[in-house]
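Here are my notes for you on this one. Have the viewer open while you go through the points.

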Amino acid sequence: MPSAAADAAATDMTTLNRKLAAATCALLGSALVTPVDAREEPDWDFNTSLLYYGEDGDRVQDLSFKSLSRRLFTDDRTLSIGLTVDTLTGATPSGAIRQDIPQTFTRPSGNGSYEVPADELPLDDTFKDTRLALTLGWRQPVFEKGLFDVGVSASKEYDYLHTGLNASYAHDFNNRNTTVSAGFAFAKDSIEAVGGAPIPFTAMRDVGDLGNRQGDQDKDVLDFVLGVTQVVSRDLLFQVNYSYSRSEGYLNNPYKVLSLVDGVTGDTVQRTPGPEGGPSGVFLFEGRPEERTQHSLYAQAKYNMSGKVLDVSYRYMTDDWEIDSHTIDLRYRWPIGDRSYLEPHLRFYTQTEADFYRLSLDDSVALPAFASSDYRMGNFDGTTVGLKYGWKTRNDNEMSVRVEWYMQSGTVPADQVIGNQAGRDNYPDLNALIAQFSYRFSN
Amino acid sequence: MAKVSVERRVEIAPADNGWAGRFTAMGSPCEVLLDEAGQDLTCNVSTDVAAEAWRIEDKFSRYLDGNIIKRINKAAGTPVEVDEETAKLLDFAATLHELSEGRFDITSGVLREVWQFDGSDRIPDVAVVAAVLERVGWGRVAWQRPVLTLEPGMEIDFGGIGKEYAVDRCAGIIRDARCGAGLVNFGGDLAATGAPQQRPAWKVGIEGEAADSTDKLIDLRAGALATSGDARRFLLCDGVRYGHILDPRTGWPVQDAPGSVTVAADSCTQAGMLSTLAMLQGGKAEAFLEEQGVTYWVRQ
Amino acid sequence: MKTRMSVIGLVLALSAGCSSMGVEPWERDVLAREDMQLTPDPIEAATDDHIYFSKEASSGGRAFGGGGCGCN
C-alpha cells in the first residue's frame, strides 16, 4: 500500500476511537464516563533486598542479598521461591578470656595459629564464609475457609548443611474474624566442622595435631506452632502463638573454647606451644547437652490510629537449659502523604544465662558435665533502635531503606568471676549496624 | 433479549466485600456489588438499578406490544416520532454505522429469520440470504430527528447496544446514590464507579477455554469492561465454521472472527462498541484494537 | 509439662471466647491495608529473625519457614 494512503488509513483508525468516545458522551452525558483503569493482575511479585550487617571492633561483617519471588495462580494458589546469599567476614569471640599477656591459639583447621595482644578479647578471624539458602513454598486455599502451606528449605555454608520440611494449616471462623493455625517444621542439619568436631572438654592442641577431632555431626530439630489470630475491631487485631521446639544431636559450637584458669588468681593456666605453633594456654573445647527443649509464647497486636499503625509484640521463651528471655518489639508506621512513610523501631531483649554458662573453667575443682562461654548463652540485654523510610516509585513499585543500631551488653554472674578476672571487662559486648535497602516490584 | 416471563425479583445476599443485589434482566444474570454499604442501602440501590434495567429491557424489547420498538417495526413505511432517549440511541447507531463503514447496522436483525445458529450444518441458500438482505441497510432509513421512517419489511433492534447502555445508566444510579464504590455486572458487561477500599481493585475474571475456568484476572479500578463472543453459537458445514456475527453488508458471517474479545474503556457502551467492531473486523480484529490503542484481551 | 498444657489451654480458650468480637465483611477496609498485616515486610522479618537467631539464644515466635544455619 502506498505510504501516504497507509498513513491516512492509520490516522482514520485512531480517530475512530476518539469519535466513538465523543458519540458515547453524547449518548450518556459526560457524567457517566470515567477514565478507565483496568490492568491484568501481575503473575509475579518480587521482593528483593541488600543488607549490610557490621559489628564494631573488627568483628563479623555480613553482606547479604535476599529475594522472595511469588507466582500467583488462579484461585489464590501461590508458589514462593526464596533465595539468600550471605558473605561473612570478620572475627568472632573464641570464648577464651582476656589476659594481661599476649596469647596464641591454634586455628580450627589445625593449619596455623593466631596471636592476640595483651588485654584484648580473643577473637578468631578465620572465618570468611559464603552461605547460600533456598526455600520453596506452596500455598493453597482448601475447604472454603482454610489455607494450607507446605515448604522445603535448604542452606549450605562450607561447614554446615541444613535441610528442612515445613507444613501448616490455618482455618477461619466467626466470619473470618478468628483464624486458628497449626504448623510443624522438621530439620536435619549436618555440621562438617573445619578440622573436625573436637571432643568436648579436650584441650586445644598444637598446630598440625587433629588427634582430638571427630567426623561430621548431626542435629535434628522439630518445631510446632499453634496460633490464634483475632480481629477485635476495624482498627485492631492481635495474634497469640505458642511454639515448642526440640533439638537433638550435636548442639555445640565446634570452634568455641573455655580458658582453664587457676582457682585463686583466675589467670589462664599456661603451656608451651609446640615447634610449629600452638596454644599458649590450656583451652578446653566447650560441651553442651545433646538435647534442648524450648517453649515460647508470642503475642502481637496491630493498631490503626487514624492512618498511623502501631505494631507491638512480646515474646517469652523458656527452655531446659535454664535460659529465660523476654522480647518487646515496637514499630510505628507514620504515613507521609499517600506514597511514603517513616517507621521508627525499638526492640528490647533480655535473657538469663544457660545453667552451663561459664566465664572460664576452674582447674581446682572437678569439670562440670556441660560448659560454654559462648556469649549467646550468657546473661545479657540487647537493644535495637532503628528508622525505616519507604516510598512508592512512579510505577507503583515499593522501595524502602532502614538503618538500625543493635547493642548487646552482658554481665557475668558474680560467683563465676575468679581473682584477677574481677578487674577486667569480661563480657564481649556487641555493637552492630544494620542497613538494608529493599525493592518490591510485580510483573 | 429474553421473553418477559422470567420472574422479576431482586435478591440481596452477602458477598465478599459486603452485600450484592442480584436479579435477571435482558437474558443475563445481573448483579450490583457495593463496597462499604450495609444490607439496607444495597437493597435500595439494587432495587433502583433493577428497575432501570427492566425499564430499558421493556422499552426496547422485541416481544412486548405497545413499546416504541414495536411501533417502529410495525409502522410499514409510515414515519414514527420517537422520544428523546430513543432519538439519542438512533443518533449513536447512525454514528456507529458511519464509523464502522457499514459493519455495524441496527437494521440487520431481520437476518435472524434465515440464520439459526444451533450447531447444526443447515446454512441458508445464497438466494434466500440475498432476498432478506433487501430489507437490511441503515442507508435505506430516513432518520430526521425526531422522526424515523423505515421501508416496509425493515426492522430495527437495539440488541447490540442495549445491555451496555443499561450498565452505564445503572452505574450512574450508583454514583448518584453516593454510597461508595460499586460494580454493575450484567452477565459480563460491567462498569465500576470507583475502586473498592478493601482490595485495591475489583477482580474480574475473563473466561478461559473450558466453560468454568478463569483464564485471566483483571484488576478494575475505574471504567468498564465489555465482551463480545463468538465461541458458543455457530454452524459447522463441510468443515467450515460459521460464527454468529453476521456482516450486514453481505448477510453472511464474518470470517475468522476471534472466539472472544474483551475491551476496557471509560464506559461500558464504548467498550461494548469497540469489542463488537473488533469482532466485525474478523481476522483483522487484533490489528484493529492495536490501532485504537485500547486495553483488550483476545481469545481465539 | 504443666505450664505447657495450661498455655495450650489458654490459646484454645482465647479462640473460643473470641466469637463475639470482630467486624462485618464490609468493615475490613483498614484491616486489608498492607501496613495492617501481621508481617507487612516478609524480607525484613526474615532478615531480623536470622540476625537475632545468630546473636541470641531465642528464636522464632511467628509462624516459620526455613531456618537453620551454622551461626549458633
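1. First, a bit of groundwork for checking a helix: its expected span is 1.5 Å times one less than its number of residues. Keep in mind too that we are looking at a predicted model.

2. Now try that on helix 3 of chain B, residues 84-99. How far apart should the ends of its 16 residues be? At 1.5 Å a residue, the helix should span 22 Å, and its end C-alpha atoms are 23 Å apart, which agrees.

3. Stay with helix 3 of chain B and look at which residues are buried: Thr86(B), Leu89(B), Leu90(B), Phe92(B), Ala93(B), Leu96(B) and His97(B). Looking down the helix axis, you'll find these buried residues within an arc of 160 degrees, so they line one face of the helix. The general background is that an α-helix has 3.6 residues a turn, so residues three or four places apart point the same way.

4. What happens just after helix 3 of chain B? There, Glu101(B) takes a positive phi of about 55 degrees.

5. Zoom out to the whole of chain B, which has seven helices and 16 strands. Its C-alpha trace spans about 60 × 45 × 35 Å along the principal axes. For 300 residues, a compact globule would have a radius of gyration near 19 Å, and chain B, with 20 Å, agrees with that.

6. How much of chain B is buried? The share is 42% of its 300 residues. As for contacts in chain B with a separation of 6 or more, 62% of them come from residues 24 or more positions apart.

7. Over to chain A, where the domain assignment gives domain 1 (1-38) and domain 2 (46-442). The C-alpha centres of these two domains of chain A lie 62 Å apart.

8. Strand 15 of chain A (residues 217-233) is a good one to trace by eye. It runs antiparallel to strand 12 (residues 178-191) of chain A, and 14 bridges join the two. If you want a pair to find on screen, Asp189(A) has Lys219(A), in strand 15 of chain A, as its bridge partner.

9. Strand 15 of chain A also pairs with strand 16 (residues 236-249) of chain A, again through 14 bridges and antiparallel. Here you can look for Gln230(A), whose bridge partner in strand 16 of chain A is Phe238(A). How many residues sit between strand 15 and strand 16 of chain A in their hairpin? There are two.

Methods:
Residues numbered from 1 in each chain as written. Chains lettered and ligands numbered in written order. Predicted model: local features only at pLDDT ≥ 70, side-chain atom pairs only at ≥ 80, totals over all residues. Helix = DSSP H or I, 4+ residues; strand = E, 2+ residues; numbered from the N terminus. Rg over C-alpha atoms; globule rule 2.2 N^0.38 Å. Buried ≥ 20, exposed ≤ 12 C-beta atoms within 10 Å, placed from the backbone. Contact = placed C-beta atoms within 7 Å. Arc of directions from axis to C-beta. Domains from an automatic or database assignment. Pairing = 2+ DSSP bridges.
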